[in-house]
Amino acid sequence: MDMIFGKNKKEQLEPVRAKVTGRIPTWLQGTLLRNGPGMHTVGETRYNHWFDGLALLHSFTIRDGEVYYRSKYLRSDTYNANIEANRIVVSEFGTMAYPDPCKNIFSKAFSYLSHTIPDFTDNCLINIMKCGEDFYATTETNYMRKINPQTLETLEKVDYRKYVAVNLATAHPHYDAAGNVLNMGTSIMDKGKTKYVIFKIPATVPEDKKGKNPLKHTEVFCSITSRSLLSPSYYHSFGVTENYIVFLEQPFKLDILKMSTAYIRGVNWASCLAFHKEDKTYIHIIDQRTKKPLPTKFYTDAMVVFHHVNAYEEDGCLLFDVITYEDSSLYQLFYLANLNQDFEENSRLTSIPTLRRFAVPLNVDKNAEVGSNLIELASTTARALKEKDDQVYCQPELLYEGLELPRINYAHNGKRYRYVFAAEVQWSPIPTKILKYDVLTKSSLKWGQEHCWPAEPLFVPTPDAKDEDDGIVLSAIVSTDPQKLPFLLILDAKSFTELARASIDVEMHLDLHGLFIPDTDWDARKQAPSQEEPDGAPDCCEAPQT
């Protein structure tokens with residue numbers, strides 16, 4: 001597994017033309033932009049966790065049936081500090097680092113107070129966010145980095161705290177039809193409260209307002225007080241419908257007191273996260289019209305959720321689909337020591353990612369009998385059972401076992417939908433196939449090849465598409481076979497058959513998330529390499545020696 005997870009990858013600073021086999025649809029013009037960890041050792045130091053690796057951006061520019069690839073490390077302050085020192089000096093969530101290697105317990109004592117609520121890393125390795133006309137590399141801290149999506153150049157550093165009081169924020173925002181960004185973050189012990197803050201960033205700024213930067217016009221949409229001042233819930237994403245927001249306050253919690261002393265104790269922040277299996281998962285439903293949560297207390301069993309799939313409203317109910325785990329063992333598996341030693345045995349101990357559907361009644365009949373099911377939809381077997389004290393216990397419907405990294409046709413986000421495009425991870429958290437799952441018929445189509453590890457599949461609709469699955473699916477594929485080149489896979493989304501692949505003679509990394517930017521989103525003449533680029537790859541820029 002070391003060649004997939006532990007090896008530093010080289011940059012490909014100049015675009016290299018891929019070898020295309022098959023036929024790319026003529027309408028597919030644009031750039032697939034992806035993000036993920038690419039460097040796991042600096043000098044003689046090594047990150048503990050795969051999610052700590054330094055961010056490596058890469059892109060596939062598709063134009064007139066040809067594909068060009070390039071990659072570049074995000075030149076974050078974290079990257080620059082580490083490279084200058086030739087060792088890891090900036091802490092990540094799973095790796096605590098100290099700027100001074102001779103730092104002793106006494107000097108730690110003088111400096112740890114500044115780390116009580118730490119100044120987190122700007123190693124933005126998880127996703128790409130569009131905000132107005134700009135693009136940002138994002139992670140789960142209060143920082144993001146503006147990037148040039150054409151050259152992958154790193155631009156200014158942005159601190160959310162200048163615009164909204166959050167110490168942490170998700171890397172999975174939502175976008176409405178106008179392009180406004182809806183996101184949420186955690187505000188730790190601000191004015192004596194720890195809150196989950198939902199905020200909106202406008203896509204455009206009115207002419208009569210000063211400042212063209214949409215971030216300066218960020219609006220706090222709603223805030224929810226954490227059930228615990230010192231142990232807020234971890235969350236990776238949230239759900240939206242046309243009228244509501246869905247937030248799961250799960251018993252996978254960050255202990256603020258432990259985090260405040262992690263630096264002096266020499267332990268990482270991840271050790272301050274704990275799953276409390278005896279607790280409940282609370283389901284918060286926020287009405288977008290009133291900007292207030294519904295008064296009913298909805299809850300379900302203890303679980304861990306990283307990815308929401310979709311949510312929608314039907315006949316007075318709100319349905320939402322999520323990938324659930326029975327515990328937090330997935331995070332533990334991705335410590336590099338577990339990935340590279342006894343991997344198969346460790347992966348079997350990991351909770352299986354399971355697609356489940358929940359149904360929540362939007363108007364609860366106070367006269368309903370205790371124990372009665374408040375869901376009467378024919379479309380789901382999910383139940384919501386009335387309890388005393390205005391509480392409702394939600395029992396989900398199990399849809400599919402063994403899938404992760406879900407994507408949908410985003411035109412159906414927040415609306416009734418049918419198809420999930422995901423990585424199949426049967427009995428292991430490692431993707432082996434790409435899956436198209438039909439939530440209506442409970443059937444699936446799959447693509448897979450031996451030694452191939454697919455990244456998150458991303459759906460791109462056909463222009464003027466009429467059906468939900470009219471389009472193609474893109475996935476960056478890496479291989480455990482050193483004789484097999486990595487490639488961009490292009491599938492017909494309807495039949496799930498391969499249309500084309502673009503093989504690249506580079507060291508491509510396994511990424512996490514990203515987005516597709518159609519040529520219509522910028523001047524195509526500026527974003528695509530010249531048609532006269534050479535076929536072969538120019539010399540790659542080396543990652544630092546380890």
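Two strands count as paired if DSSP finds at least two bridges between them. I wrote this down before opening the model, which is a predicted one.

**Entry: one pair of strands**

I looked up the bridge partner of isoleucine 128 and found alanine 137, which lies in S10. I then followed the two strands themselves, and S9 and strand S10 (residues 134-138) pair in the antiparallel sense over five bridges.

**Entry: the sheet around that pair**

I traced the sheet further and found that four strands form an open sheet, antiparallel in its pairing, in the order S9-S10-S11-S12. At its edges are strand S9 (127-131) and strand S12 (154-159), each of which pairs on one side only. Neighbouring strands of this sheet are turned against each other by 35° on average, with direction ignored.

**Entry: serine 475**

I next asked myself whether serine 475 is buried or exposed. Serine 475 is buried, because its relative accessible area is 1% and the cut-off for buried is under 20%. Serine 475 sits in strand S37, which covers residues 471-479. I also checked the side chain of serine 475, and one of its polar atoms lies 2.8 Å from the backbone oxygen of alanine 455. Leaving aside neighbours within four places in sequence, I listed the contacts of serine 475, among them Pro454, Ala455, Glu456 and Pro457, and also Phe487, Leu488 and Leu489.

**Entry: the whole chain**

I finished with the protein chain as a whole, which has eight helices and 40 strands. Of its 546 residues, 58% count as buried. The accessible surface of the protein chain comes to about 23,000 Å², and 49% of that belongs to carbon and sulfur atoms.

Methods. Residues are numbered from 1 along each chain as its sequence is written. This is a predicted model: local features need pLDDT of at least 70, side-chain atom pairs count only at pLDDT 80 or more; totals for chains, interfaces and linings use all residues. Side-chain values use heavy atoms; hydrogens and water are left out. Buried means under 20% relative accessible area, exposed over 50%, partly exposed in between (1.4 Å probe, protein chains only). A polar contact is a pair of N or O atoms within 3.5 Å; within protein, one must be able to donate a hydrogen and the other to accept it, and residues adjacent in sequence count only if both atoms are side-chain atoms. Contact means heavy atoms within 4.5 Å. Axes are lines fitted to C-alpha atoms, for helices over the stretch in contact, and angles run from 0 to 180 degrees between N-to-C directions. Accessible areas come from the Shrake-Rupley method with a 1.4 Å probe; for residues, only the protein chains shown count as cover.
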